[in-house]
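Here's a quick look at charge pairs and one helix. Have the structure open as you read.

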Amino acid sequence: MLSFDGINDFFEGSPVLRLFRAKSAPVILAFFYRTFKENQVTFLTENQIVEMLSDFLHHHEIEEENGNTSSVLLPDFETKARSLINIWTEKGVLKNYESPENEILYELSSYSEKALQWIEQLESKEFVGTESRFKDIFNKLQELVDNTTEDSATKIKELKGRIKELQKEIDNIEKTGKVSIYDDYQIKSRVVELTRTAKELLSDFKEVEDNFKRITRNIYQKHTDPEQTKGSILGYTFDSLDELKESDQGKSFYAFWEFLISQSRKDQWKELVQKVFEVLEKRGIRFDDVFLSKMKHYLYRSGQKVNDANDRMSEKLSRVISEKELAERVKVKALFLFRHQIMIT
């Protein structure tokens with residue numbers, strides 16, 4: 001249940017709300033949407049994002065200083081762009097990381113993703129697919145009941161009921177020669193819903209990645225603490241990983257990742273998406289958002305980044321352990337020499 005204190009803490013602490021409340025929010029969100037969303041881009045190199053932001057500031061004659069915006073032409077938009085990108089990264093609305101080629105890449109944070117999704121939903125001119133949403137809810141309810149029934153007799157009865165319905169549909173097709181298909185509005189509403197859900201899934205991936213990075217940052221902090229032993233760092237890491245993997249979010253991600261990397265699922269996904277867009281073209285249904293056709297690529301890249309974050313954490317842990325062991329060996333050696341000198345004297 002939501003309480004006053006809980007809602008108040010949310011307004012005070014939510015990074016998404018802090019972003020919306022910033023005086024520079026229109027500049028940040030407009031640039032992010034134009035750069036990342038309109039172009040369906042998941043990441044940009046440092047040079048690319050600096051150049052794009054410079055052009056954006058120049059085109060709109062925008063200067064931002066200490067959170068304020070005004071229409072003042074800048075003598076050096078590239079310098080201003082670099083400064084803003086650093087500020088946005090520090091505030092967590094942008095994320096940067098190093099690629100395997102040692103190149104700095106930038107992408108939206110999960111907070112910025114959610115903010116843009118919310119604006120998109122508010123501004124969406126697409127009709128609300130009430131019928132498709134209700135059927136989706138109904139099907140999920142049915143799936144939930146079907147997959148939580150432990151009584152074998154009840155389960156068999158449900159399955160036989162499905163067979164009966166399917167046979168009825170087969171008999172009707174054989175008798176009339178007609179197949180029941182969706183109307184145009186039913187097709188479009190479902191594609192809209194699929195696309196919206198797919199975009200939300202990307203921000204879910206970013207949250208899992210952020211959790212791995214949080215653990216890595218804590219390893220760094222513990223590493224700098226001279227009182228932390230190798231055992232305590234190892235214990236913290238394994239406990240954190242177990243907690244993450246056993247959480248609802250972690251279980252969901254790993255189950256989905258196994259689904260995503262399956263070759264048979266890849267082929268099935270490609271075939272299904274291709275058929276959907278063939279239907280849209282054949283029916284003459286206009287749908288300009290091509291995100292769904294590239295969703296597999298986006299999801300795979302985002303999922304791989306989660307694994308990369310896990311790998312970087314493992315590498316850091318290995319270095320920490322090695323350094324700790326080296327430091328302990330140096331301490332032992334120094335202690336031995338010190339004691340040896342005392343014995344000699």
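## A pair in α12

Let's start with Glu-271 and Lys-275, whose side chains meet in a salt bridge at 3.2 Å, N to O. Keep in mind that this is a predicted model. The two residues sit four apart in helix α12 (residues 263-283), so about one helical turn separates them. Glu-271 is partly exposed at 43% relative accessibility, and Lys-275 is partly exposed too, at 45%.

## A pair in α5, and a network

Helix α5 (residues 77-90) holds Arg-82 and Glu-78, again four residues apart, about one turn of the helix. They form a salt bridge whose closest N and O atoms are 3.4 Å apart. Arg-82 has a relative accessible area of 32%, which makes it partly exposed; Glu-78, at 42%, is partly exposed as well.

This pair has company: Glu-46 joins Glu-78 and Arg-82 in a network of salt bridges.

## Across the chain

Glu-113 and Lys-37 also meet through their side chains, in a salt bridge of 2.7 Å, N to O. This one links distant parts of the chain, with Glu-113 in helix α6 (residues 110-123) and Lys-37 in helix α3 (residues 25-37), 76 residues apart. Glu-113 has 5% relative accessibility, so it counts as buried, the cut-off being under 20%.

In total, the model has six salt bridges.

## Helix α8 and what follows

Helix α8 covers residues 152-176, 25 residues in all. Its first and last C-alpha atoms are 36 Å apart, close to the 36 Å expected at 1.5 Å a residue. Just after α8 comes Gly-177, with a positive phi of about 75 degrees.

Note on methods:
Residues numbered from 1 in each chain as written. Predicted model: local features only at pLDDT ≥ 70, side-chain atom pairs only at ≥ 80, totals over all residues. Heavy atoms only, no water. Expected span 1.5 Å × (residues − 1). Salt bridge = Lys/Arg side-chain N within 4 Å of Asp/Glu carboxyl O. Buried < 20%, exposed > 50% of the residue type's maximum accessible area, 1.4 Å probe, protein only.
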